Amino acid sequence: MNHLDVAVLGAGIAGSCLAKSLADRGWETILLDRKPFPRHKVCGEFLSPESQSMLKSLGVHGYVESLQPSSINRTRLIFNNGKILEIPLPGNAIGVSRYLLDSTLHSAAESSGVHIHTSTTITSVSTNNKGYLIEARQGEERTTYQARAVIAAWGAHGRSILPGPHPNSSVSHTYMGVKSHFRGVEMEPVVELYFFDGGYVGLAPVEGGLVNVTALLKRKSFQNSDKSILGLLDAASRRNPMLQHKLAHAIPVQETQAAIAPVDLSRKLLAWNTIPLVGDAILTIPPLCGDGMSMALRSAILCAPLADNYLSGTISLSSWESEYSHSIKSEFAAPLQWGRLIQGLFEVPILPRILLQAAQLAPRLAYGLVQATRLKEREL
């Protein structure tokens, strides 16, 4: 049996950064994920200006910069009637693929002493008088881990294998997400969002001159379309003339396609479900907000010192739960509420035009709405 201080279940952004942070504090840490890495994921691949100080705080900024990400300084909204709204960002953002980002975060975690096991399925987690007993399987090999603490970073579609409440959304799942990288697309240092009936497509420059094209689509609006990822992106582009023109000479990069369904935008914010949750396991940020990766980083920053205090015997498990749940609600509730409000407004056909006209008359309105969906800067 392997004895550890803490096990982090899920090796995405939040899980990798949290595992590194705990290992940096001297705790024997393991990072487990059921899928192989590196791999392409449905993601906007946009790290907002607010994330830069967090990358430095977590000790991974140099790793990310080594990937030579693209610089981004504004957002451009393009409606299917040809109208355009451009909004400056409050600082420098970057575009970097999850394929490279996840891989380099694993390298950073390993350099801090984290034990990483991917392609590893957790078959059970149970409590005992020493903490948690974790049963895992990698191929035909089965391993048991004893950990004093367990933290879930298994994403929005993670399946809790612990007893306790399992939150359900209050509405039916109606969205799907698809993505692909493309070559041959001319891009400025800008994130472009193209709107049309049935969803929207985001374009973001990433490393190596590539452009990440990600779509959030209503499933019923594309039920008669080609169900392949590239087929869905082509069908979406034909719903916005400017997007179709933008991608006219785009060349898809093989093996960069990914899809996810359903995308549930109604999940309730939940920081603790028998064990602490981080990243997308807490909530789903509407992609329109473009701040999901920043929130994953922030959740790791909030969780790490409390986990450290618990492992040191300074606080109890109930105190960890109470303090962490309060901090997550305090920091995430308002951006989530504003993000869902704006997401809902863009789904009512006439409202985007009204918002566009209002923003053109009062540019600070648009900037203010964007800022309302962002995390606030804090001392790190």
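**Helix α1 and its neighbours**

Helix α1, residues 13-24, packs against helix α4, residues 98-111, at an angle of about 15°, and their axes are 9 Å apart. A quick reminder before I go on: this is a predicted model.

How do α1 and α4 run relative to each other, parallel or antiparallel? Angles under 35 degrees count as roughly parallel. So α1 and α4 are roughly parallel to each other. Their crossing is left-handed.

Now look at the residues that touch. On the α1 side we have I13, S16, C17 and K20. On the α4 side, they meet R98, L101, D102, L105, H106, A108 and A109. Sort that contact by class and you get six nonpolar, two polar and three charged residues.

Next, the second partner of α1. This is helix α7, residues 292-312. Here the packing angle is about 30°, with the axes 8 Å apart. That makes α1 roughly parallel to α7. What is the handedness of this crossing, left or right? The crossing of α1 past α7 is right-handed.

Which residues of α1 take part here? They are I13, A14, C17, L18, S21 and L22. Across from them, α7 offers M293, A296, L297, S299, A300, C303, A304, A307 and D308. By class, this contact of α1 with α7 has twelve nonpolar, two polar and one charged residues.

Keep two names in mind. I13 and C17 of α1 meet residues in α4. I13 and C17 also meet residues in α7.

Let's move on to empty space. How many cavities of 30 Å³ or more are there? The count comes to one. For the largest cavity, the volume is about 50 Å³. Ten residues line it, and the closest to its centre are G279, D280, L283, M295 and A296. Which element gives the most to the lining? The answer is α7, with four residues. So far we have met A296 in the contact with α1, and here A296 turns up again beside the cavity centre, among the closest lining residues. By class, the lining has six nonpolar, three polar and one charged residues.

Last topic: the backbone. Find F37 and P38. The peptide bond between them is cis, with omega near -5°. P38 sits in the loop between β2, residues 29-32, and β3, residues 46-47.

Now find A261 and P262. A cis peptide bond joins this pair too, and omega is about -5°. Where does P262 lie? Its place is in strand β15, residues 258-263.

One more stop, at Q68. This residue is not a glycine, yet its phi is positive, at about 55°. Look for Q68 in the loop between α3, residues 61-65, and β4, residues 70-78.

To recap: α1 is roughly parallel to α4. The crossing with α4 is left-handed, whereas the one with α7 is right-handed. And α7 gives the most to the lining of the largest cavity.

Terms used:
Residues numbered from 1 in each chain as written. Predicted model: local features only at pLDDT ≥ 70, side-chain atom pairs only at ≥ 80, totals over all residues. Heavy atoms only, no water. Axes fitted to C-alpha atoms, helices over the stretch in contact; angles between N-to-C directions. Helix = DSSP H or I, 4+ residues; strand = E, 2+ residues; numbered from the N terminus. Parallel < 35°, antiparallel > 145°, perpendicular 65-115°, else oblique. Left-handed = near helix turned anticlockwise from the far one by under 90°. Contact = heavy atoms within 4.5 Å. Nonpolar A, V, L, I, M, F, W, Y, C, P; charged D, E, K, R; others polar. 1 Å grid on protein atoms, 1.4 Å probe; cavity = no way out; pocket = protein on both sides within 12 Å on 5 of 7 lines; lining within 4 Å. Points joined across faces, edges and corners; volume = space filled by probe spheres on them.
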